[in-house]
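User: Could you help me read through a protein structure? I would like to go region by region.

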Amino acid sequence: MQSSTIREIFLDYFSSKDHLIMPSFSLIPQRDPTLLLIGAGMAPLKPFFTGEKKPPHPRVATCQKCVRTPDIERVGHTGRHATFFEMLGNFSFGDYFKEGAIEWAWDLVLNGYRLPEDRLWVSIYYEDEEAFKIWNEKIGVPADRIKRMGKEDNFWEIGLGPCGPCSEIYYDMGEEAGCDRPDCSVGCDCDRYLEIWNLVFTQFSREASGDLIELKQKNIDTGAGLERLAMALQGVHSIYEIDMVKPVYDHFYHLIGSSRHDQEVPLRVITEHSRGITFMIGDGVIPSNEGRGYVLRRLLRRAVRFGKLLGMEGNIITEAVPLIVDTMGPTYPELKEREEYIKQITRLEEQRFQETLTQGMDILDGYVNQIRAKGDQTLPGDLAFKLYDTYGFPLDLTAEILEEKDMTVDREGFDEKLHEQQARARAAARTGGGEEDTRYRPAEKLTTTFTGYETLEQEASLLLILVDGQARDEAKKDQTVEVIIDHTPFYAEAGGQIGDTGVIETSSGRIKVENTIFTPFGQIVHQGQVDEGSIKVKDSVMARVDDSRRQGICRSHTSTHLLHRALRNTLGEHVNQAGSLVAPDRLRFDFNHFSALTAGELQVIEEEVNKMVLSNVPVRVEMTTLEKAEELGATAIFTEKYEEDAVRMVSAGAYTRELCGGTHVSASGEIGLFKIIAEEGIGSGLRRIEAMVGFNAYRRTLERDRLLQKIAGNLHTFEDRLEQKFDEHITGYKALQKAYNELKQRLAANEVKTLLSEVTDVDGVKVLSARVSADNQETLRIVMDEVKNHLSSVVVVLGAVSDGKVILVASVTSDLVSRGIRADQLLKEVARQVGGGGGGKPELAQAGGKDPQALPAALESVEELIHRQLKTASQL
């Protein structure tokens, strides 16, 4: 039975039992910061189980793609363990319970899939008498085929909250798949008894006291591994032989063209990981050193490393993507839609790792030899961190390689180094949270209301004055203050948008507001200086936001929404906001993407944004429910927590919808002009675009026009002929540069004729050590090469003075390197004498120095230095 048929039969069966069939959710959890990846069929449905959301139907069934890594070390060593798999599941939210779940599971296994009953076994939680009676008395499974198992195997719980016993259905794969132990039975760790379906009965709640309380609403959560069902129904002993996986395994098998026993595990690992890699990237996961990106990077680099062990060359995972897409695409069409993108990401990541893999392995082998020489078996954490930080080796990969050598790694030492690095990275951004909490403690119970969406002027009452972090009843002219008022039009810095500025006036004084922020308790604080008179607590005030500055901020903020949509349209739906700065004069937008943007891509993005600006579409703000916003396709930051029944959605026509608390223009035409000024990488898989809008973009364009006019004037041409004139000048410049180099070559040749007469003999070695006329290292090398053109075996050391500094080069022909003369060591000693240093290789080196007066003596020392090197080499 084909895997597609197994999937279809399952969903059709539960559809006939009044289940709503829902499509697979993305592998990226939606607004669930507790999960890195979806690892079970119930994970995306968790809000329905917890009561946070009402389910669309009391009965649901899915085929959910999953990634789970706790068993990653077992992948390839057994036939059943995988990191990527499809989970068939049926779920009940307060509807049917144990009897219905058990009855339908058994009916589907026997009558739907027609698995032989004599090969089926059942397990239950050892205290679950209710389940035993249903299986034994209702279903008719003999008691000796019902295995009672303990809490570790058959009771599901994660900390406090809902939990319950499990019941599992096993399929006997036959004695040939077993371990030959006389006590081999259900629950054995071998491949004989294959768990094909797990039924979880969520009927209790674990309290803080440790007690189990019976739930009023009992739920059902079941999971049947599609790949495992396929093993049973297709009569094979591993997932690598089923119809969905075997073509991928065969593809990699043919790359090595042989089949030794020690190649089986690596082949399986590469096959299995390549499937998960394809699906993860297809769902928008980008390789990185954190979170789900780290999981992806670990899988990909693990697969590449095993491929290297098998002698595979090239981008092996990238080359397998089309095959995986062809195999799985009919069920998951998003793979076909994103195939090119998936290949781009895998190719880039493979190439990056291949650049450092060989060198990193050599370094690790060196560490291993050093450690073993000391009689130790543990790699220090600082060395493991160096492999991670410099050569891209995930800690788990290093640990796995060491395990193959019967060694371990100091994980605590690694974590310590990693935390040190993270602490250094955060140091500049640290604000002293505990100190801030204390500073604003007087504001903790105050309430402020933001009115700045509707107005930029607001009458209010002054609630609190802080001077140097201390509450004051009054503040006078020139004092720096922080004030809180009960109603304010000032927007506090949040979501990348900077805080408003303006003035707050009382009958007796005025505050110039220079920034607006939130306290740790949520109140809006106005930071500034009393620039007139004095202010007092309880004063009536008029708060006025700087209108012009706010309008600039609004233009920038709406532009970030248009830019976000244009980036997704141009680069792909994987693009997500990773940070932003919204200021009146500029904007900055950080996003995840795997490579630098081309000039063509930037032009397309910029043009698309400006088309939306010229379209002058209305920008509307709507308060709605989270569910409705999702239905409308609103973009949200998945790490943010949103209220279910009240979110603020900002729409620019039908072009873009985002959940956002910031301030915006009322129509896109108010932006005026959008101009990208920079694009750069800011980290692994992260890019940044900086742009200007409105008058600032216009002024930048004017400056560029003036610059072009100036250049055109200097070249005695018109702007419309500037490109042609520039090309003519470049052609002329290259011709002059060529003539200049030829002249230098001829001058060097003439100088060499004189230099050849200065060649000496040191212990049978021809040596030329001389000062020449040269203004840079390149000229020195030209002279050196001319000397070597005349002498096939020679040591050349040349020095010159340029701009008051010494420049040096040295060359040793390969036959003399083999006799023990090294250019790098030679020049290091010469450079030291002129107050400098340098480096290079045994054949070629260069250096510099600060003391031109010492150059003659330094060059004279060359012969003695060569004599010493030859003497040292002869004694070895």
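Analyst: The following exchange takes up cysteines, two helices and a few single residues. Please keep in mind that this is a predicted model.

User: Let us start with cysteines. How many disulfides does the structure hold?

Analyst: The structure holds 0 disulfides. A disulfide is a covalent bond between the sulfur atoms of two cysteines.

User: Why does Cys 554 not form a bond with the closest cysteine sulfur?

Analyst: The closest cysteine sulfur to that of Cys 554 belongs to Cys 660 and lies 10 Å away, which is too far for a bond. A disulfide would need the two sulfur atoms within 2.5 Å. Seen from the other side, the closest cysteine sulfur to Cys 660 is the one in Cys 554, again at 10 Å.

User: And are those two buried or exposed?

Analyst: Cys 554 is buried, with a relative accessible area of 3%. Cys 660 also counts as buried, at 12% relative accessibility. The cut-off for buried is under 20%.

User: Next, helix H17. What span should its 25 residues have?

Analyst: Helix H17 covers residues 547-571, and at 1.5 Å a residue it should span 36 Å. Its end C-alpha atoms are 36 Å apart, so the model agrees with the expected span.

User: How many of the residues of H17 are buried?

Analyst: The helix is mostly covered, as 19 of its 25 residues are buried.

User: What is found at the two ends of H17?

Analyst: At the start, a side-chain oxygen of Asp 546 comes to within 3.3 Å of the backbone nitrogen of Ser 548. Just after the helix, Gly 572 has a positive phi of about 130°.

User: Now H4, please. Which of its residues are buried?

Analyst: H4 comprises residues 129-139, and Ala 131, Phe 132, Ile 134 and Trp 135 are buried there. Viewed down the axis of H4, the buried residues fall within an arc of 165°, so they line one face of the helix.

User: What do those buried residues pack against?

Analyst: They pack against helix H3 (98-112) and four strands: S4 (120-125), S5 (146-149), S7 and S8 (193-206). Just after H4 comes Gly 140, with a positive phi of about 95°.

User: You mentioned S7. Where is Ser 167, and is it buried or exposed?

Analyst: Ser 167 is in strand S7, residues 161-172. Ser 167 is buried, with a relative accessible area of 0%.

User: What does its side chain reach?

Analyst: The side chain of Ser 167 reaches the backbone oxygen of Ser 123 at 2.9 Å. It also makes a polar contact with the side chain of Trp 135, at 2.8 Å. Apart from neighbours within four places in sequence, Ser 167 is in contact with residues including Val 122, Asn 154 and Phe 201.

User: Changing topic: where does Gly 533 lie?

Analyst: Gly 533 lies in strand S20, residues 524-536. Gly 533 is partly exposed, with a relative accessible area of 37%.

User: What does Gly 533 touch?

Analyst: Not counting residues up to four places away in sequence, Gly 533 touches Lys 476, Lys 477, Ser 508 and Gly 509. Gly 509 is 24 residues away along the chain, yet the two C-alpha atoms are separated by 4.1 Å.

User: Last one: what about the place of Leu 446?

Analyst: Leu 446 is in the loop between helix H16 (433-439) and strand S12 (449-450). At 25% relative accessibility, Leu 446 counts as partly exposed. Leaving out residues up to four places away in sequence, Leu 446 touches Leu 463, Leu 464, Ile 484 and Gln 523.

Methods: Residues numbered from 1 in each chain as written. Predicted model: local features only at pLDDT ≥ 70, side-chain atom pairs only at ≥ 80, totals over all residues. Heavy atoms only, no water. Buried < 20%, exposed > 50% of the residue type's maximum accessible area, 1.4 Å probe, protein only. Contact = heavy atoms within 4.5 Å. Polar contact = N/O pair within 3.5 Å; in protein donor to acceptor, adjacent residues only side chain to side chain. Expected span 1.5 Å × (residues − 1). Arc of directions from axis to C-beta.
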